[in-house]
Amino acid sequence: MRRLVGMLAVAILALTGCSTGSTDPGLEELRSRADELVPPTSEVVDVTEGACVQVEGNPPCVRIYLTGDQPETARADALERAAREAGWEVVARERVGGGTAFELEREGYRAFAAVWTISCPEGRVDRACADEIQVVEDL
């Protein structure tokens with residue numbers, strides 16, 4: 001259990017480490033893999049792409065910020081459903097201090113997601129309060 005919590009903490013920290021400006025030709029496939037994780041009940045607020053400097057090897061990554069009108073548990077369930085329907089394996093789903101953290105795998109890819117306890121206030125939809133999904137190539 002301690003190892004799982006540690007992995008999830010690293011996953012959440014990894015969500016903060018995507019720099020922009022990558023010209024990697026595999027970015028289009030990463031975008032496609034990231035898009036399939038967005039539940040139909042969510043709205044994409046922003047997308048960033050580039051090298052994930054917090055992940056060993058600095059792999060290319062796509063980071064999606066999204067919001068939804070549902071409570072955290074329903075948003076987390078929707079993300080898990082979208083992932084499974086798209087062929088992703090849910091490696092870990094864990095409640096952490098500020099929400100629910102996920103680690104997902106699919107052949108050649110890993111994803112980390114955070115669904116926060118508190119969603120964006122009505123009328124304020126931006127990255128600062130949005131849930132997050134980060135997809136990287138599995139090195």
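# Arg93, its partners and strand β3

User: What relative accessible area does Arg93 have?

Analyst: Arg93 counts as partly exposed. Buried means under 20% relative accessible area, exposed means over 50%, and partly exposed lies in between (1.4 Å probe, protein chains only). For Arg93 the relative accessible area is 32%.

User: What kind of model is this?

Analyst: Residues are numbered from 1 along each chain as its sequence is written, and side-chain values use heavy atoms, with hydrogens and water left out. Local features need pLDDT of at least 70, side-chain atom pairs count only at pLDDT 80 or more, and totals for chains, interfaces and linings use all residues; the model is predicted.

User: Which strand holds Arg93?

Analyst: Strands are DSSP runs of E with at least two residues, and helices are runs of H or I with at least four. Both are numbered from the N terminus. Arg93 sits in strand β4.

User: Which side chain makes a polar contact of 2.8 Å with the side chain of Arg93?

Analyst: A polar contact is a pair of N or O atoms within 3.5 Å; within protein, one must be able to donate a hydrogen and the other to accept it, and residues adjacent in sequence count only if both atoms are side-chain atoms. One such contact, of 2.7 Å, joins the side chains of Arg93 and Glu80. The contact of 2.8 Å is with Asp77.

User: How many residues apart are Arg93 and Glu80, which meet in a salt bridge?

Analyst: A salt bridge is a side-chain nitrogen of Lys or Arg within 4 Å of a carboxyl oxygen of Asp or Glu. Here the N to O distance is 2.7 Å. The pair links distant parts of the chain, Arg93 in strand β4 and Glu80 in helix α3, and the separation is 13 residues.

User: Which residue forms a salt bridge with Glu72?

Analyst: The closest N and O atoms of the pair are 2.3 Å apart. Glu72 lies in helix α3 (residues 72-85) and its partner in strand β4 (residues 89-96), so the pair ties together parts that are 23 residues apart in sequence. Glu72 is buried at 8%, whereas its partner is exposed at 51%. That partner is Arg95.

User: Why do the buried residues of helix α2 lie on the same side?

Analyst: The buried residues of α2 (residues 27-35) are Leu27, Leu30, Arg33 and Ala34. They lie on the same side of α2 because of the arc they cover around the axis, taken from the directions from the helix axis to the C-beta atoms. That arc is only 115 degrees.

User: How many residues of strand β3 are buried?

Analyst: Pro60, Val62, Ile64 and Leu66 point one way from β3. Cys61, Arg63, Tyr65 and Thr67 point the other way, and all are buried. The strand is largely enclosed by the rest of the structure, because the buried count is eight of the eight.

User: Which residue of β7 is the bridge partner of Ile64?

Analyst: Two strands pair if DSSP finds at least two bridges between them. β3 pairs with β2 (residues 43-52) in the antiparallel sense over eight bridges, and there Ile64 is the partner of Val47. Six bridges join β3 to β7 (residues 131-137), also antiparallel. In β7, the partner of Ile64 is Ile133.
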